[in-house]
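Reader: Hey, I've got a protein open on my screen and I'm not sure how to read it. Can you walk me through it?

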Amino acid sequence: HGIATLRDLETGEQRFVWLRPRLIDALRTEKRKREDVLLRICRTAGCVPFVVRGRFDPAALTRHFLETAA
């Protein structure tokens, strides 16, 4: 449980949201669905997506593109 500040990516508007367990589960489920769709699209196109987890590492991004270009 807890409170989170969410920002609408289209409008920039912020709002506070109470993170109840069912909302957290729904957000996680939607995230997994988006990741699955992205992975399927990339596989169809013959590429591998670069996923940022935690802090962005520009060297990891460079390695990703150099390794997958070969």
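Author: Sure, and let's start with a rule we'll need: the expected span of a helix is 1.5 Å times one less than its number of residues. Also keep in mind that this is a predicted model.

Reader: Okay, so what span should helix H1 have, by that rule?

Author: Helix H1 covers residues 21-45, which is 25 residues, so at 1.5 Å a residue it should span 36 Å. The C-alpha atoms at its two ends are 36 Å apart, so the model agrees with the rule.

Reader: Nice. What does Gly46 do just after H1?

Author: Gly46 takes a positive phi there, about 75°.

Reader: Which elements does the protein have, and in what order do they run?

Author: There are two helices and two strands. Starting at the N terminus, the order is β-β-α-α. The radius of gyration is 16 Å, well over the 11 Å the globule rule gives for 70 residues, so the protein is more spread out than a compact globule.

Reader: What does the C-alpha trace span along its principal axes?

Author: About 45 × 25 × 25 Å.

Reader: And how much of the protein is buried?

Author: Buried residues make up 10% of the 70. The protein exposes about 6,500 Å², with carbon and sulfur atoms supplying 57% of that.

Reader: Can you show me a buried one? Let's take Ala4: why does it count as buried?

Author: Ala4 has 17% relative accessibility, and buried means under 20%, so it makes the cut. You'll find Ala4 in strand S1, residues 3-7.

Reader: What does Ala4 touch, leaving out residues up to four places away in sequence?

Author: Arg15, Phe16, Val17 and Leu19. Take Phe16: it is twelve residues from Ala4 in sequence, yet their C-alpha atoms are 5.7 Å apart in space.

Reader: What about His64, where is that?

Author: His64 is in helix H2, residues 58-68. At 12% relative accessibility, His64 counts as buried. Leaving out residues up to four places away in sequence, His64 touches Val48, Pro49 and Phe50.

Reader: What share of contacts join residues at least 24 apart in sequence?

Author: Among contacts between residues at least 6 apart in sequence, 0% join residues at least 24 apart.

Reader: Last topic, charges. How many positive and negative side chains are there?

Author: The protein has 14 positive and 9 negative side chains. The centres of those two sets lie 4 Å apart.

Key: Residues numbered from 1 in each chain as written. Predicted model: local features only at pLDDT ≥ 70, side-chain atom pairs only at ≥ 80, totals over all residues. Heavy atoms only, no water. Helix = DSSP H or I, 4+ residues; strand = E, 2+ residues; numbered from the N terminus. Rg over C-alpha atoms; globule rule 2.2 N^0.38 Å. Buried < 20%, exposed > 50% of the residue type's maximum accessible area, 1.4 Å probe, protein only. Contact = heavy atoms within 4.5 Å. Areas by Shrake-Rupley, 256 points an atom, 1.4 Å probe, with all protein chains shown as cover. Lys, Arg positive; Asp, Glu negative; His and termini not counted. Charge placed at Lys NZ, Arg CZ, Asp CG, Glu CD.
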